[in-house]
Amino acid sequence: MVVVLTAVVACNDSSDDTLNNDELNNETPTVVSDSTVNAEESTENAEENNTSPPDDIIESPDDTIEPPPVQLFDKDGLPLPDLSINHDYEAYLNARPSYYMDAGARFGNVIDQDNTPADNKVTNAGAVLGRVLFYDIRLSANNTVACASCHIQRHGFSDPEVLSNGFDGGKTGRHSMGLTNATYYSRGRFFWDERAGTLEEQVLMPIQDSVEMGMNLFDLEVKLGLTSFYAPLFLAAFSDEAITSDRISRSLAQFIRSMVSYGSKYDQAFTAGGSDTPDFSAVFSEQELLGLSLFSGVPGDNSDSLGCDSCHHTSAHSADNKHVNGLDANTSADQGVGGGFFKVPSLRNIAVRAPYMHDGRFSSLAEVIEFYNSGVQAHPNLAPALRRRNSSNGRPVQFNLNQAEKEALVVFLEALTDEAFLVNPIFSNPFPEVINEESEPES
């Protein structure tokens, strides 16, 4: 029997806290295959007749013993997670480079951007539970979508659709924001309009949204309690088996905060030259070096810079604040945070996160660059960095870049892609070959 559940969803060392499937599925009856029964009958007949097969056709025990069948579904008929591999999230975060973690790092104080609360640090058991929840279709009212349906790993945990599909076929109001480096935003607020004060608040809101997942939190607690595997996971993460919405929130937030990217081509320059003296010329092409110079003035002085890093700053390319970037002169149709301001995500893995902006209006990085080159609108609250002479009331900038410069900016942004992050198994779907994360047609 082949069962395909299509998901269509805006968060190593061995450890005793990490459970494998044998421990989680102890309520599952043993499955005996026909070949095993036949082998037992053959043995009985041989003993009764005091005969044995000729030596030249005797099979070794390894040939006659079949492995136990792989169990894909729990007692509720829905998918089981594969937890046979222990993932070490704490070690992954501890391996962040010094230019991320040192308070005095020349390329920006990333560690002070971290919005992880003191009472919800990332733990292995907590992130393991969060990963299972993130990919579980049980979190939607009709078991059709998961958080991962709108936040897809190979797309930087964004969605290639302009608007994401909800559990009942509805469309979300805005484009799905990428989750790469979500932990690096000192304001600590989430969604494009920052309506969630913390990541812990944010992760529960799509679950309850009438379009996205349509689930009641009390019903979700009961639903997860009917499985064979969630109680042990909550026990490992929180010291007892109680399944509560607060714990769901905390574990999902831990998993999302573990999604830190530090393995791009840009990062290789720090490996080549050092935390304070990255050698970009050792790893970048001439075109990428031109893009870097236009973006931030490095290498060289800031006289060649467009000042992009004034908003997308630090070595994690995280946002410093909410901004009005001049997409429209009049934002009355969607005021975002208020007054046309919107949250700005990290630029890490931006090349795989098309389409772009809160409404997904741009389909390529080339379109984004052209917008900043010639299309910024004179909104009353336009960011000073996008006004002439960095003033509070000047006209929008016109960079007047030539084609080579525009292309250089694109290839620099592509150098921020962390290929290992996009396939890292610690962030992958634990429900193998059951949930289809991909929502766009194959090219």
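Begin with the whole surface switched on: the accessible surface of the protein comes to about 20,400 Å², and 49% of that area belongs to carbon and sulfur atoms. Keep in mind throughout the tour that this is a predicted model. Of the 443 residues in the protein, buried residues make up 50%. If you now change to a cartoon view, the secondary structure to look for comes to 16 helices and 4 strands.

**Stop 1: the nonpolar core**

Select F134, Y230 and F280, which are the residues with the most contacts inside the largest nonpolar core, a set of 91 residues. Then colour helix α6, residues 124-135, because this helix gives the most to the core, with 7 residues. To see where the core sits, colour domain 1 (89-262 + 423-427) and domain 2 (265-418) separately; both domains give residues to the core, so it lies between them. As background for this stop, nonpolar side chains in soluble globular proteins tend to be buried together.

**Stop 2: helix α14**

Move next to helix α14, which covers residues 365-375, and show the side chains of L365, V368, I369, F371 and N373, the buried residues of this helix. When you look for what covers them, include α15 (403-414) in your selection, since α15 is part of that cover.

**Stop 3: R96**

Select R96, which you will find in the loop between α4 (89-94) and α5 (98-101). Is R96 buried or exposed? Its relative accessibility is 14%, and because buried means under 20%, R96 counts as buried. Show the side chain of Y184 as well, and you can draw the polar contact of 3.0 Å that joins it to the side chain of R96. Leaving aside neighbours within four places in sequence, R96 is in contact with M101, D114, Y184, V260 and Y262, so it is worth displaying these residues together.

**Stop 4: D418**

Continue to D418, whose place is in the loop between α15 and α16 (419-423). With a relative accessibility of 2%, D418 counts as buried. Now add G263 to the selection: although D418 and G263 are 155 residues apart along the chain, their C-alpha atoms are separated by 5.1 Å. Not counting residues up to four places away in sequence, D418 touches S261, Y262, G263, S264 and N349.

**Stop 5: T180**

Keep N349 on display and select T180, which is found in the loop between α6 and α7. T180 is buried, with a relative accessible area of 3%. Which atoms does its side chain reach? One of its polar partners is the backbone oxygen of G156, which the side chain of T180 reaches at 3.3 Å. A polar contact of 3.3 Å also joins the side chains of T180 and N349. Beyond the residues up to four places away in sequence, T180 touches G156, M259, S261, S346, R348, N349 and F421.

**Stop 6: the salt bridges**

The last stop concerns charged side chains, for a search of the whole structure finds 14 salt bridges. Select R174 and D334, whose side chains meet in a salt bridge of 2.8 Å from N to O. R174 lies in the loop between α6 and α7 (199-202), while D334 lies in the loop between β3 (318-319) and α14, so the pair ties together parts that are 160 residues apart in sequence. D334 counts as partly exposed, at 23% relative accessibility. Add D193 and R195 to this view, and you have the four residues R174, D193, R195 and D334, which are linked in a network of salt bridges.

Now select D267 and R348, where the side chains meet in a salt bridge of 2.7 Å from N to O. Here D267 lies in helix α12 (residues 265-273) and R348 in the loop between β3 and α14, so this pair ties together parts that are 81 residues apart in sequence. Both D267 and R348 are buried, and R348 has already appeared on this tour among the residues that T180 touches.

Finish with R187 and E194, whose side chains meet in a salt bridge of 2.6 Å from N to O. Colour the two residues by accessibility: R187 is partly exposed, with a relative accessible area of 32%, whereas E194 is buried, with a relative accessible area of 2%.

Methods. Residues numbered from 1 in each chain as written. Predicted model: local features only at pLDDT ≥ 70, side-chain atom pairs only at ≥ 80, totals over all residues. Heavy atoms only, no water. Core = buried A, V, L, I, M, F, W, Y, C linked by side-chain atoms within 4.5 Å. Buried < 20%, exposed > 50% of the residue type's maximum accessible area, 1.4 Å probe, protein only. Helix = DSSP H or I, 4+ residues; strand = E, 2+ residues; numbered from the N terminus. Domains from an automatic or database assignment. Areas by Shrake-Rupley, 256 points an atom, 1.4 Å probe, with all protein chains shown as cover. Contact = heavy atoms within 4.5 Å. Polar contact = N/O pair within 3.5 Å; in protein donor to acceptor, adjacent residues only side chain to side chain.
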